[in-house]
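Thanks for sharing this one with me. Here are a few notes to read alongside the structure.

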Amino acid sequence: MDGNGRWARERGLSRLQGHRAGTENIRRVISNFANHGVRYLTLYAFSIENWRRPRAEVRGLLRLLGEVIDREVHNLHREGVKLNHLGTLDGLSTRLQKRILAAVDLTKTNTGITLNLAFNYGGRQEILMAMNKLLAQATPPESVDETLFSQTLYTADVPDPDLIIRTAGEHRMSNFLLWQSAYSEYYSTPTCWPDFNEAAIEDALQAYSQRQRRFGGLQEQQ
Ligand code: IPE
Ligand code: MG
């Protein structure tokens, strides 16, 4: 969800006002993708590396997450959204940890779109977490295959992403779902996150529908 800062600067607003506008876009985006039949949506909200930002901005982003959970979780629950958290709770306040866990618990049996919130998330850290977990369980090396490893990640039971959309014109992975994105289609749009609306979603899905996915094979084998 990139471009909140640039969106704000273009309007003479503070970066935090940009982040706030970004959170106000979340509900619209979820229902738009759900209406298109998307079953899993992952929002990259806060990376492990985002702790490097100025303290006031970090504090603002953490506070915003708490506010979004308080404001949205009951609506999302009513709409049947199942919320997952991707990332670590380490470093978050006890209060925020409880809010995240409660929201995940409240929605865990919902059968609508699954919303993965990548918060305090890093792809490399996730891979190391999984490796350490397997080692701590004394997993026999010969039993460590792609299936077991995938099941040990935060995204256990979540399919690999078909499409990764990056807003605000960047062309970087930024430590996002490194294992899971091996064959994801990548799409970048210049639109900043707060402006990422229905038309922008249509454009992204339209572009995706033109891709030919071969997963390393040849077209004829499909
Ligand atoms: C939001 O956009 C990303 C978050 C970490 C929440 P940015 O804050 O990266 O916006 P730009 O890149 O400065 O425009
Ligand atoms: Mg950015």
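The points below cover two helix pairs and the ligand site.

1. A reminder first: this is a predicted model, so please read the distances and angles that follow as computed from it.

2. Start with helix 2 (residues 15–24) and helix 4 (residues 55–78), whose axes lie 10 Å apart at an angle of about 25 degrees. Since angles under 35 degrees count as roughly parallel, helix 2 is therefore roughly parallel to helix 4. Their crossing is right-handed.

3. Which residues make that contact? Helix 2 contributes Arg15, Leu16, His19, Arg20, Thr23 and Glu24, while helix 4 offers Ala56, Glu57, Gly60, Leu61, Arg63, Leu64, Glu67, Val68 and Arg71. By class, this makes seven charged, five nonpolar and three polar residues.

4. Now turn to helix 4 and helix 5 (residues 94–106), with axes that come within 10 Å and cross at roughly 20 degrees. The two are therefore roughly parallel to each other, and the crossing is left-handed.

5. On the helix 4 side, the residues are Leu62, Leu65, Gly66, Glu67, Ile69, Asp70, Val73, His74 and His77; they meet Leu96, Arg99, Ile100, Ala103 and Leu106 of helix 5. Here the count is eight nonpolar, three polar and three charged residues.

6. Finally, the ligand. Residues around ligand 1 include Met1, Asp2, Gly3, Asn4, Arg15, His19 and Leu61. A side-chain N or O atom of Arg15 is 2.8 Å from an oxygen atom of ligand 1. Backbone polar atoms also take part: one of Asn4 lies 3.2 Å from a ligand 1 oxygen, and one of Gly3 is 3.3 Å from an oxygen atom of ligand 1.

Methods: Residues are numbered from 1 along each chain as its sequence is written. Chains are lettered from A and ligands numbered from 1 in the order in which they are written. This is a predicted model: local features need pLDDT of at least 70, side-chain atom pairs count only at pLDDT 80 or more; totals for chains, interfaces and linings use all residues. Side-chain values use heavy atoms; hydrogens and water are left out. Axes are lines fitted to C-alpha atoms, for helices over the stretch in contact, and angles run from 0 to 180 degrees between N-to-C directions. Helices (H or I, at least four residues) and strands (E, at least two) are DSSP runs, numbered from the N terminus. Angles under 35 degrees count as roughly parallel, over 145 as roughly antiparallel, 65 to 115 as roughly perpendicular and the rest as oblique. A crossing is left-handed if the near helix is turned anticlockwise from the far one by less than a right angle, and right-handed if clockwise. Contact means heavy atoms within 4.5 Å. Ala, Val, Leu, Ile, Met, Phe, Trp, Tyr, Cys and Pro count as nonpolar, Asp, Glu, Lys and Arg as charged, and the others, Gly among them, as polar. A residue is near a molecule or strand if one of its heavy atoms lies within 4 Å of it. A polar contact is a pair of N or O atoms within 3.5 Å; within protein, one must be able to donate a hydrogen and the other to accept it, and residues adjacent in sequence count only if both atoms are side-chain atoms.
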